[in-house]
Amino acid sequence: MSARQEGARRLPESSAVLEPGRNCWRVERATRVAFLIDAEAYFAAFADAVERARRSVLIVGWDFNGGTQLWHGGRGSELPAQLASFLRCVLERRRTLHVNVLDWDFPMLYAGDRELLPAYRFAWQMPRRFHFRLDPCCPIGASHHQKIVVVDDRVAFVGGMDIAAERWDTREHRADDPRRTDARGTPFPPVHDVQMMVEGPIAAAIGDLVRERWRCATGRRLPRPVRARSEPWPPEVEPALEDVDVAIARTQPAYQGRPEVREIEELYVDAIAAAERWIYVENQYLTSAAVGDALIRRLREPDGPEVVVVGPSKCAGWLEETTMGALRARLVGRIRDNDPHGRFHIYHPTVPDLGDARLNVHAKLMIVDDTLIRIGSANLNNRSMGLDTECDLAIEDAGDGRVGRAARKLLCELLGEHLGVPPGRVDEELARSGSLGATVEKLRGGARTLVPIDDEVAPWMDSLVDAAAVFDSERPIPADELQEMVAPLEPVLPRRWPLYVGAAVVLAIAATWAWTPLRDWFDPAELVGRLTPFARSPYAPPIVVGLFVVGGVLLVPVTLLIVATTAAFGAPLGALYALLGSLASAGAGYALGVSLGRDRVRSLFGHRLSKIGSRLSRHGVLVMTVVRMLPLAPFAVVNLAAGAAQIRLRDFLAGTALGMLPGIVGAAVFAEQLLRTVRQPGATNVLLLALVIVALFFGGRWLERRVMGVAPDERPHRVRRRWSWLGWFRTSGRIPGTPDPSPRR
């Protein structure tokens with residue numbers, strides 16, 4: 001029985017929550033445990049532990065950036081503070097040490113926030129005992145989201161923080177902290193997070209988990225490190241607990257024969273069911289249906305627990321806000337509608353002088369009463385329950401009160417940080433009132449405080465919630481099912497009499513191209529020259545939109561229009577104009593399909609149109625996204641068929657935007673670098689252009705393998721030909737994109 005089916009249960013008061021084999025993987029002893037609040041503490045402890053390593057450092061994460069600054073002054077180490085340089089120096093000092101880094105094989109959509117070709121960069125810069133691999137071992141649309149470091153199998157770090165850009169911050173979260181910049185010196189907003197550090201047999205168990213992940217991703221087994229006389233625990237870190245049992249809970253999607261694991265979801269539901277007084281949560285998201293159902297069940301009870309949630313005020317960027325933000329708003333509204341006793345509270349933290357920026361709550365933490373602490377990588381969204389690969393640690397009080405005291409102390413420290421008051425003041429008020437919600441309400445209101453989140457969603461955004469759910473799926477779509485969904489979109493022969501009509505139209509267009517100035521008009525160089533004078537004109541958007549619509553009617557390759565637009569207006573603005581133009585062209589084709597009707601279009605394209613319509617009606621956004629990324633049929637044909645099938649316009653436009661955006665970004669980068677190379681044909685620009693071409697080529701091949709789920713040489717000849725690299729350009733004339741964007745993690 002799944003966690004959602006058991007969401008209504010209430011655990012007996014005498015029962016332990018942690019149950020290996022059901023809601024956790026293993027329970028092992030930890031000789032010491034510490035809670036590291038915010039990246040300043042975590043990065044310093046990480047550096048101290050790695051500096052003391054003798055045999056092995058294992059790092060797995062959603063992101064890994066060699067330019068990350070581990071500390072900013074005040075540390076006595078002679079080693080450099082930059083992550084890549086720091087690891088290189090540690091490896092040069094310690095000849096017995098190996099460092100293995102497993103980074104998620106991210107889609108190109110995230111390339112702007114990541115290091116360019118990290119595997120090659122590290123291969124050039126690092127010693128041979130540094131092993132960097134990208135992890136592609138995820139289903140379609142999923143991500144590897146664990147954030148783990150294991151040192152000598154003696155100390156391990158698990159939590160919400162990658163060792164990456166835009167993570168470092170202090171507990172003050174000053175709005176204007178000059179140290180909070182990325183590797184390029186660009187400031188980023190304050191961010192709050194939590195990591196757990198453990199020592200002892202639990203660290204070796206986490207090491208086993210990482211080594212199994214390495215085997216899955218690379219096909220090679222990492223041996224357990226030879227026991228070394230190392231003491232990697234940083235002496236500056238005071239343990240919060242000693243000699244306690246710690247549980248490891250996982251999420252693992254079914255993939256390539258591996259079974260599905262949903263221990264994290266089970267543990268969330270069980271922990272909520274066991275709560276008596278309060279549940280305190282810090283999390284980046286709140287969209288999980290299973291967690292929402294479990295909370296609603298407890299809030300309906302007359303003697304149920306209070307629930308206090310701390311999250312960000314808004315999601316990062318317009319795309320996340322219109323997807324994950326809208327989904328959170330809907331779930332919060334449903335929880336409030338089922339909270340007759342007013343025990344649900346949701347806040348966001350703020351600091352003075354923050355302005356329009358936000359303090360990003362990136363932590364994934366839950367404290368239940370004075371009995372259970374859990375910290376890990378799992379967000380409170382559906383993805384983390386079943387689609388993404390996750391790892392959480394949990395500690396339960398054994399009856400001696402030690403975990404309870406540590407939980408109370410951690411709770412007061414976190415609330416004290418958010419409310420701008422000493423932890424002792426929080427503890428006093430909590431003891432006096434006996435209410436977590438009343439304590440927050442009593443102490444908030446200063447310059448640094450917690451502000452209630454009013455998650456009312458605008459009607460236009462609420463209408464997109466169903467479409468946004470594609471971002472927060474809890475299970476992957478099997479490759480064979482996805483192929484079956486999009487297979488009907490292969491080119492088909494028209495019926496008899498429409499064949500002549502279609503041929504006449506094609507001949508008319510061909511004649512127009514051959515015997516009119518149209519061919520010169522759409523010559524790439526000529527087109528760029530005609531668009532360039534409008535670079536600063538307010539009339540540029542309607543001109544570009546009109547060009548795309550006319551070009552769509554005249555079967556002008558979309559890639560040509562995108563490249564010309566980005567070349568004329570520059571990468572950022574040109575990409576925006578190209579996206580608007582592509583949507584307008586798609587909308588025009590959709591409208592034509594609607595006006596012609598299903599029967600007329602079916603007479604032109606045959607019985608397969610009904611299959612197209614059935615797939616789009618069941619999986620509109622997803623199929624449209626995949627089809628735009630992987631053009632299985634000509635652009636104009638898909639537009640026409642979608643309109644004739646009468647799928648929802650918002651699904652059609654949302655899928656088109658999501659699917660075309662990565663390809664447009666890739667084309668913009670290519671056009672920008674091509675122009676730069678033509679204008680300044682130096683060795684550096686030529687090399688960068690070659691790298692862009694290689695990245696686009698292998699990105700397309702990678703996506704092809706991921707979506708189809710099999711190697712190219714294993715496919716039938718018909719499918720293999722349609723999916724060949726040249727087929728990308730033959731079918732639609734546009735550069736392929738990348739997998740569907742998942743929320744920023």
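Buried here means under 20% relative accessible area, exposed over 50%, and partly exposed in between. The legends below describe a predicted model.

**View 1. Asp162 and Arg167 form a salt bridge.** Both residues are buried. Their closest N and O atoms are 3.5 Å apart. Side chains of opposite charge can pair when their charged atoms come close. The structure holds 35 salt bridges.

**View 2. A salt bridge joins Arg179 to Asp177.** The N to O distance is 3.0 Å. Asp177 has a relative accessibility of 5%, so Asp177 counts as buried. Arg179 has a relative accessible area of 30% and is therefore partly exposed.

**View 3. Strand S8 lies between two partner strands, S1 and S6.** S8 covers residues 194-199. 6 of its 6 residues are buried, so S8 is largely enclosed by the rest of the structure. Both faces are covered. On one side sit Val194, Met196 and Val198. On the other sit Gln195, Met197 and Glu199. Strand S1, residues 26-37, runs antiparallel to S8 and is joined to it by 6 bridges. Ala34 stands opposite Met197 of S8. Strand S6, residues 155-159, also runs antiparallel to S8, with 5 bridges between them. Here Ala156 has Val198 as its bridge partner.**View 4. Helix H4 spans residues 201-218.** At 1.5 Å a residue, its 18 residues should span 26 Å. The end C-alpha atoms are 26 Å apart, which agrees. Of the 18 residues, 13 are buried, so H4 is largely enclosed by the rest of the structure. Just after H4 comes Gly219, with a positive phi of about 80 degrees.

**View 5. Glu212 and Arg215 form a salt bridge within helix H4.** The closest N and O atoms are 2.7 Å apart. The two residues are 3 residues apart in H4, so about one helical turn separates them. Glu212 is partly exposed, with a relative accessible area of 37%. Arg215, at 26% relative accessibility, also counts as partly exposed. Elsewhere, salt bridges that share partners join Arg26, Glu28, Asp153, Asp208, Arg211 and Arg224 into one network.

**View 6. Phe64 and Phe132 form an aromatic pair.** The structure holds 6 aromatic pairs. A pair of aromatic rings is described by the distance of the centres and the angle of the planes. For Phe64 and Phe132, the centres are 6.2 Å apart and the planes are at 45 degrees, so the pair is tilted. The pair links distant parts of the chain, 68 residues apart. Phe64 is in the loop between strand S2 (56-61) and helix H2 (83-93). Phe132 belongs to strand S4, residues 130-135. Both Phe64 and Phe132 are buried.

**View 7. Ring pairs link four residues into a cluster: Tyr42, Phe43, Phe46 and Phe157.** Phe157 falls within strand S6, which covers residues 155-159.

**View 8. Phe534, Tyr539 and Ile543 make a nonpolar surface patch.** The patch is about 290 Å². Phe534 is in the loop between helix H17 (524-531) and helix H18 (540-553). Its relative accessibility is 31%, so Phe534 counts as partly exposed.

Definitions and conventions. Residues are numbered from 1 along each chain as its sequence is written. This is a predicted model: local features need pLDDT of at least 70, side-chain atom pairs count only at pLDDT 80 or more; totals for chains, interfaces and linings use all residues. Side-chain values use heavy atoms; hydrogens and water are left out. The expected span of a helix is 1.5 Å times one less than its number of residues. Buried means under 20% relative accessible area, exposed over 50%, partly exposed in between (1.4 Å probe, protein chains only). Two strands pair if DSSP finds at least two bridges between them. A salt bridge is a side-chain nitrogen of Lys or Arg within 4 Å of a carboxyl oxygen of Asp or Glu. Patches are made of residues with over 30% relative accessible area and no salt bridge: like charges are joined within 9 Å, nonpolar side chains (Val, Leu, Ile, Met, Phe, Trp, Tyr) within 5 Å. Accessible areas come from the Shrake-Rupley method with a 1.4 Å probe; for residues, only the protein chains shown count as cover. Rings of Phe, Tyr and Trp (its six-membered ring) pair if their centres lie within 6.5 Å; planes under 30 degrees apart count as stacked, over 60 as edge-to-face and the rest as tilted.
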